Structures are given as structure tokens and as C-alpha cells.
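Me: I should like to go through this structure by question and answer, with the reasoning set out at each step. Please begin once the sequence and structure are shown.

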Amino acid sequence: FSNNNNKIKTEKQVSTKKEEKLEPNEDKTEPNEDIVWDEVTENGVDEELLLKNIDEKTLTFIAQQFQDICTKIGEKEKKDKFYWLKGEWYHDVMDSKQYHNVILLGNKAMKPLFLIIYKSPIAGLYEWICSKALTEISGFDFSNENNGAGWRNSKEFLEMFIDRVLEQKK
């Protein structure tokens with residue numbers, strides 16, 4: 001793996017969401033702090049380096065927040081068989097306190113979110129939420145991909161995200 005010290009900035013580093021107090025980590029990254037993606041190279045993802053560069057408290061916090069959202073959505077699905085068809089799940093995710101708590105972490109959440117998506121063998125709701133949050137925090141715009149449809153699942157998102165990071169390294 002290359003030890004390329006190029007600093008990679010994402011397109012958007014500022015969240016417009018209302019600030020809330022976060023339980024495990026109140027020390028958020030500065031909005032314009034550079035994110036260095038040495039873990040992502042032309043040869044793939046250096047998992048060992050990625051794991052080394054992950055803050056475990058942040059990873060645990062994100063996992064708890066998004067698992068809580070998935071649990072709540074699962075409960076609603078049991079009560080209403082048309083829940084998914086009505087699209088309420090989308091608003092339940094995007095308007096949730098848990099989602100906003102993760103977004104408020106800013107850059108600090110990026111690598112843990114990336115790791116969750118990268119290591120997951122599936123592309124379910126949990127991974128979709130992680131992908132959506134990483135899209136929002138990074139500011140990467142994938143809306144022109146797939147003839148304007150953007151990414152369809154977390155696996156496709158991951159490929160697009162890695163490509164974008166590699167583009168910025170050049």
C-alpha cells in the first residue's frame with residue numbers, strides 16, 4: 001500500500017443541522033479539518049490501517065444510534081404492513097434524533113461509517129443509513145450517477161465513494 005500523504009478534503013465539511021449535545025463524544029471535529037484517506041488506494045482498502053485510524057467510541061456511538069433507528073422502524077413495520085410502501089421509513093430515518101446525532105459528529109464519523117459499509121456483507125437498511133450519512137457529511141454529490149438516479153444501495157455507494165476519494169488524490 002502506498003504511503004501517500006496527500007490530504008483529501010471532501011466537498012462539504014459543514015452541517016446545517018441544529019447542534020445537539022452528544023453523549024459519548026462531545027469533542028467534534030472542526031468543520032474544515034482535512035480528512036486524509038491513506039486507507040484508500042488504487043490497490044484497494046488497507047483494512048489494517050483503517051481499523052487503526054478508527055475511534056472505537058465514535059464507531060460504537062454510530063452503531064448504537066443507527067441500530068436504534070432500525071429497531072424503531074422494525075416495530076413500525078410490524079404494526080403497519082404498508083409502512084414501507086408509504087415511504088414513511090425515509091422520513092423516520094432522516095428526521096430522527098439519532099441520525100442527526102451522527103451527522104453532528106461531522107468528519108469524525110466519516111471513517112467509522114466507511115468501515116461499517118465496507119465490512120458489511122449485506123446492503124440493508126442499516127447500511128443504507130450509513131451511506132446516506134456519509135454522503136451528507138462528505139458533501140459528495142452522486143446525483144448524476146446512474147443516469148440521475150444516484151446510488152441504489154450501500155455497495156454501489158461504496159464503489160462511488162472510493163472512486164471519488166481516489167479522484168481527489170490525483
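Me: Which residues of H6 are buried?
Reply: The model is a predicted one. Helix H6 covers residues 110-119, and eight of its ten residues are buried, so the helix is largely enclosed by the rest of the structure. A residue counts as buried when its relative accessible area is under 20%. In H6 the buried residues are Met110, Lys111, Pro112, Leu113, Phe114, Leu115, Ile116 and Ile117.

Me: What is the order of the elements of the chain from the N terminus on?
Reply: The secondary structure of the chain comes to nine helices and two strands. From the N terminus on, the order of these elements is β-β-α-α-α-α-α-α-α-α-α.

Me: What percentage of the contacts in the chain with a separation of 6 or more is made by residues 24 or more positions apart?
Reply: Of the 170 residues in the chain, 46% are buried. Among the contacts with a separation of 6 or more, the share that joins residues 24 or more positions apart is 74%.

Me: How do the axes of H6 and H7 cross, and what is the hand of the crossing?
Reply: The axes of the two helices come within 9 Å and cross at roughly 145°. As H6 passes H7, the crossing is left-handed.

Me: How many residues of the contact of H6 with H7 are nonpolar, polar and charged?
Reply: On the H6 side the contact uses Met110, Leu113, Phe114, Ile116 and Ile117, which meet Tyr126, Glu127, Cys130, Ser131, Ala133, Leu134, Ile137 and Ser138 of H7. Sorted by type, these residues come to ten nonpolar, two polar and one charged.

Me: Is H2 parallel, antiparallel, perpendicular or oblique to H7?
Reply: Helix H2 (residues 56-79) packs against helix H7 (residues 125-138) at an angle of about 130°, the axes being 10 Å apart. An angle over 145 degrees would count as roughly antiparallel and one of 65 to 115 as roughly perpendicular. The relation of H2 to H7 is therefore oblique.

Me: How many charged residues are in the contact of H2 with H7?
Reply: H2 passes H7 in a right-handed crossing. The contact joins Ala63, Phe66, Gln67, Ile69, Cys70 and Ile73 of H2 to Leu125, Tyr126, Ile129, Cys130 and Ala133 of H7. Ten of these residues are nonpolar and one is polar, and the number of charged residues is none.

Me: Which helices do the buried residues of H7 pack against?
Reply: H7 is mostly covered, with eleven of its 14 residues buried. Among the buried residues are Trp128, Ile129, Thr135 and Ile137. The partners of the buried residues are H2, helix H4 (88-94), helix H5 (97-104), H6 and helix H9 (154-169).

Me: What distance separates the end C-alpha atoms of H7?
Reply: At 1.5 Å a residue, the 14 residues of H7 should span 20 Å. The model agrees with this expectation, because the end C-alpha atoms are separated by 20 Å.

Me: What is the phi of glycine 139?
Reply: Glycine 139 comes just after H7. Its phi is positive, at about 80°.

Me: Is asparagine 147 buried or exposed?
Reply: Asparagine 146 and asparagine 147 call for a joint account. Most residues other than glycine have a negative phi. In helix H8 (residues 145-148), asparagine 146 nevertheless has a positive phi near 55°, and asparagine 147 has a positive phi of about 55°. Asparagine 146 is partly exposed at a relative accessible area of 27%, whereas asparagine 147, at 85% relative accessibility, counts as exposed.

Me: What is the C-alpha to C-alpha distance between valine 165 and aspartate 38?
Reply: Aspartate 38 is placed in the segment before strand E1 (40-41) and is buried, with a relative accessible area of 17%. Valine 165 belongs to helix H9 and counts as buried at 0% relative accessibility. These two residues are 127 residues apart in sequence, and their C-alpha to C-alpha distance is 9.9 Å.

Me: What is the separation of the C-alpha atoms of aspartate 38 and lysine 169?
Reply: Along the chain, aspartate 38 and lysine 169 are 131 residues apart. In space, their C-alpha atoms are separated by 9.5 Å.

Conventions:
Residues are numbered from 1 along each chain as its sequence is written. This is a predicted model: local features need pLDDT of at least 70, side-chain atom pairs count only at pLDDT 80 or more; totals for chains, interfaces and linings use all residues. Side-chain values use heavy atoms; hydrogens and water are left out. Axes are lines fitted to C-alpha atoms, for helices over the stretch in contact, and angles run from 0 to 180 degrees between N-to-C directions. Helices (H or I, at least four residues) and strands (E, at least two) are DSSP runs, numbered from the N terminus. Angles under 35 degrees count as roughly parallel, over 145 as roughly antiparallel, 65 to 115 as roughly perpendicular and the rest as oblique. A crossing is left-handed if the near helix is turned anticlockwise from the far one by less than a right angle, and right-handed if clockwise. Contact means heavy atoms within 4.5 Å. Ala, Val, Leu, Ile, Met, Phe, Trp, Tyr, Cys and Pro count as nonpolar, Asp, Glu, Lys and Arg as charged, and the others, Gly among them, as polar. Buried means under 20% relative accessible area, exposed over 50%, partly exposed in between (1.4 Å probe, protein chains only). The expected span of a helix is 1.5 Å times one less than its number of residues.
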